[in-house]
Amino acid sequence: MADASNSDAFVEFERVQKSYDGETLVVKDLNLVMPKGEFLTMLGPSGSGKTTCLMMLAGFETATHGDIRLGGVSINNIPPHKRGIGMVFQNYALFPHMTIAENLSFPLEVRKMGKSEREEKVKRALDMVEMGAFGGRRPSQLSGGQQQRVALARALVFEPELVLMDEPLGALDKQLREKMQFEITDLAHRLGITVVYVTHDQTEALTMSDRVAVFNDGRIQQLAPPDLLYEEPENSFVAQFIGENNTLEGTVKEIKDGLALVQLDDGELIDCKPVNVSQPGERTRVSIRPERVEYNKERLQEGAHTLKAEVLEFIYMGDIFRTRLRVAGNDEFIIKTRNAPDQVRLKPGQQIEIGWLPEDCRALDA
Amino acid sequence: MSDTTQSGPVLAADGTPLKRSLARALRMQKLRALMLIAPLLLFILLTFILPIADMLFRSVENRIVSDTLPKTVVALQEWDANSGEAPGEDVYAALAADLIVAVEAKTHTRLGTRLNYEMTGISSLFRKSGRKVKRWDLAEDAPFKEKFIDIDKDWADPEVWRTIQTYSPKYTNGYFLNSIDMQKGADGAEARPENQQIYITLFQRTMFMSLVITASCIVLAYPIAWILANLPARSANLLMILVLLPFWTSLLVRTSAWKVMLQQQGVINDVLVWLGLVADDARLVMINNQFGTIVAMTHILLPFMILPMYSVMQTINPSYLRAAKSLGATNWTAFWRVYFPQSVPGIGAGSILVFILAIGYYITPEIVGGTKGVFISNRIAYHISSSLNWGLAAALGAILLVVVLLLYWAYDKIVGIDNVKLG
């Protein structure tokens with residue numbers, strides 16, 4: 001993480017804490033630095049403090065402690081309407097008594113912009129989200145996806161440098177959501193705006209963001225680009241939360257040459273990459289991605305460690321096969337294999353041997 | 001499907017038109033639903049709609065004259081009221097014949113009372129004549145003109161006869177004219193003398209005060225409703241109980257309490273005098289006038305404004321205000337441009353409720369209104385229970401009803417009735 005004096009910093013959270021009741025902290029010691037033009041997603045389960053962070057940035061909640069800076073200026077005491085931050089709300093919050101054009105014109109009106117300039121900007125913003133023909137309609141006459149576009153256009157029409165989005169796609173169906181994900185990232189990159197995006201949908205986070213901040217229990221658990229987050233989770237929460245993950249519990253036997261030897265609870269030994277274990281005797285949770293597990297012996301790489309496994313369930317999913325195994329006493333061990341012509345289809349009850357590369361097997365905190 | 005290519009009505013499987021088939025299928029359901037509401041429907045019809053219709057009918061009904069004096073009414077048709085002379089012997093003979101029958105049935109006093117509304121003194125004239133006429137014999141005592149004038153010289157007065165003639169038709173607009181301070185004169189409708197004009201003033205006062213009460217209710221209720229809608233549920237419930245608390249007390253008690261508060265020796269005046277803000281000999285007059293009525297009625301009707309406002313405001317998502325602020329609106333602009341327009345349906349519903357309740361209010365103005373603060377409803381009550389002029393009361397009530405409907409219509413035209421929401 002960059003330090004607070006970073007000159008690239010556009011949005012900074014420094015030691016920010018937030019408590020609603022004076023007894024528990026919803027946000028604990030948040031430090032975050034965002035450069036201009038970044039698309040950052042705050043991802044986490046509900047109650048993890050991500051929305052609170054967004055609201056503090058927008059100015060609707062005040063930080064109990066710490067400093068929030070925007071472009072190097074502390075905004076702790078600046079009211080929301082003077083921050084100039086665009087925001088897209090979960091339920092869109094389009095004003096129902098105004099037409100679409102009036103909705104978009106509103107932020108320009110309160111900025112005392114002239115009528116012709118307003119009309120031009122509204123038109124441009126509506127065209128940008130392909131809603132040019134809907135200016136005269138009311139929000140209730142639009143579909144969810146259309147409302148979503150209008151909400152986006154309204155947040156962008158006054159040309160803010162920072163746009164906040166609070167689970168903006170939550171109410172849309174899957175297909176529309178995927179389409180909008182693409183459109184939002186495309187728009188953000190085209191306009192060069194900085195976006196803070198809040199979601200609890202990890203697919204959304206991974207596909208849209210430059211960097212993802214995984215929140216849990218009021219802290220950022222990991223802040224990394226999507227690929228790093230998925231492939232190199234720094235702790236077991238992130239490993240569990242992002243993507244599908246197999247967990248095996250055990251104790252570290254020894255750490256040598258960048259490899260940790262872990263004895264699983266049923267006695268078997270495996271090689272892992274030590275991530276946040278440091279000495280023998282520590283309890284650990286070993287994490288392996290389902291698609292990194294291999295059972296075809298010919299494909300197993302030289303020197304790979306193998307474990308005995310029993311097939312419990314085989315699910316045909318079209319593009320992939322999903323197989324549930326019993327491994328080292330864990331009944332929920334999942335492996336995913338590509339549906340290739342030469343791929344073996346397993347049958348329940350079959351005894352197999354599975355293996356993986358030690359780098360793909362990460363020994364995390366217990 | 002093959003049906004889509006067919007023209008004409010869509011048919012059910014057995015060949016009957018689908019619409020009829022559907023109606024038959026739903027008939028049983030409709031009947032059952034109707035039976036469920038039938039007791040209430042019947043109750044309302046018998047105890048509410050029929051009496052009101054009957055009451056409204058009384059505002060134009062005027063059978064009593066032609067029923068009590070059938071022969072006289074016929075005889076009077078020939079008489080010219082503008083001749084300045086009393087009618088001829090035939091009319092008096094008819095009157096004698098009618099009165100003998102009427103005295104027998106004791107209906108002549110009721111007729112007297114009815115005509116007395118139009119011309120003072122007729123009531124006693126009929127009662128006095130009734131006692132004498134009882135002993136007359138139709139065949140032997142003729143002619144009657146002199147005899148009637150002997151009983152009371154008012155029988156020679158063309159004005160008395162004109163009144164009888166004017167009110168001889170079975171239906172009359174007299175009550176309505178009376179309600180708007182007019183009367184049937186020699187040349188049709190004319191304004192009443194200045195000192196008898198009362199109803200127009202009362203109607204205007206009722207309207208004006210109801211509007212003031214509605215406006216004060218809006219001003220007082222809006223912030224309360226806003227707080228109610230924005231507090232966390234538990235505090236909101238407590239506050240809601242406080243709002244509804246007045247309903248737990250009788251209307252009479254609340255109004256009397258205002259009397260205690262507002263009177264010259266009352267709590268407020270005592271405090272003001274004690275604080276030295278008001279001299280002891282110049283205590284404020286806050287009761288038995290319009291001020292007292294407005295204060296007490298605003299208090300009593302306030303919950304009816306708060307409740308619809310609250311239920312509408314509850315549906316306004318707080319994210320609208322946040323959105324407005326994030327778009328650069330100040331607190332005030334966000335409220336005025338975004339929150340307020342969405343709360344208008346609540347204001348509308350509350351205003352209609354309060355205004356219609358206020359315009360027909362009776363108890364509170366009666367107790368705290370004195371003479372300057374009474375409403376038209378107090379006058380209606382007076383005619384119903386004291387003067388027994390039900391026709392006039394009905395006419396006043398009908399006018400009130402029409403005014404309310406007109407206002408409702410105007411509201412629909414200006415604001416739109418779709419814009420009224422109770423939640």
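These legends walk through several close-up views of a predicted model.

The model is predicted, with local features needing pLDDT of at least 70, side-chain atom pairs counted only at pLDDT 80 or more, and totals for chains, interfaces and linings using all residues. Residues are numbered from 1 along each chain as its sequence is written, chains are lettered from A and ligands numbered from 1 in the order in which they are written, and side-chain values use heavy atoms, with hydrogens and water left out.

**View 1. A salt bridge joins strands β1 and β4 of chain A.** The side chains of A:Glu12 and A:Arg69 meet here with N and O 3.4 Å apart; a salt bridge is a side-chain nitrogen of Lys or Arg within 4 Å of a carboxyl oxygen of Asp or Glu. A:Glu12 belongs to strand β1 (residues 9-18) and A:Arg69 to strand β4 (residues 65-70), so the pair, 57 residues apart, links distant parts of the chain. Helices (H or I, at least four residues) and strands (E, at least two) are DSSP runs, numbered from the N terminus. A:Glu12 counts as buried at 4% relative accessibility, and A:Arg69 counts as buried at 14%. For these labels, buried means under 20% relative accessible area, exposed over 50%, and partly exposed in between (1.4 Å probe, protein chains only). Widen the view a little and a network of salt bridges appears, linking A:Glu12, A:Glu14, A:Asp67 and A:Arg69. Over all chains, the whole structure holds 38 salt bridges.

**View 2. Helices α4 and α5 of chain A are linked by a salt bridge between A:Arg149 and A:Glu183.** The N to O distance of this salt bridge is 3.2 Å. A:Arg149 sits in helix α4 (residues 144-156) and A:Glu183 in helix α5 (residues 174-191), 34 residues apart. With 9% relative accessibility, A:Arg149 is buried.

**View 3. Within helix α5, A:Glu178 and A:Lys174 are about one turn of the helix apart.** Their side chains form a salt bridge at 3.4 Å, N to O, and the two residues are 4 residues apart. A:Glu178 is partly exposed at 43% relative accessibility, whereas A:Lys174 is exposed at 56%.

**View 4. A:Thr185 is a buried residue of helix α5.** Its relative accessible area is 10%. A polar atom of the A:Thr185 side chain lies 2.8 Å from the backbone oxygen of A:Gln181. Not counting residues up to four places away in sequence, A:Thr185 touches A:Phe39 and A:Met208; contact means heavy atoms within 4.5 Å.

**View 5. Chain B meets chain A through 17 residues of chain B and 22 residues of chain A.** About 1,800 Å² is buried between the two chains, with carbon and sulfur atoms giving 65%. Buried area is the accessible area (1.4 Å probe) that two parts lose on being put together, summed over both. In chain B, B:Arg322, B:Leu327 and B:Arg337 lose the most area to chain A, together 39% of what that side buries. The interface has 2 salt bridges, one of them between B:Arg337 and A:Glu109, whose closest N and O atoms are 2.9 Å apart. There are also 4 residue pairs in polar contact (both at pLDDT 80 or more). A polar contact is a pair of N or O atoms within 3.5 Å; within protein, one must be able to donate a hydrogen and the other to accept it, and residues adjacent in sequence count only if both atoms are side-chain atoms. On the chain B side, α15 (318-326) and α16 (331-359) each supply at least two residues, and α15(B) gives the most, with 7 residues.

**View 6. Domain 1 (9-236) and domain 2 (244-365) of chain A come into contact.** Their bounds come from an automatic or database domain assignment. The domain centres, taken over C-alpha atoms, are separated by 39 Å. Here 8 residues of domain 1 are in contact with 9 residues of domain 2, and the two domains bury about 780 Å² between them, 40% of it on carbon and sulfur atoms. In domain 1, A:Tyr230, A:Pro233 and A:Ser236 lose the most area to domain 2, together 61% of what that side buries. The count of salt bridges between these domains is 0, while 6 residue pairs are in polar contact (both at pLDDT 80 or more). Helix α7 (residues 226-231) gives the largest share of the domain 1 side, 3 residues.
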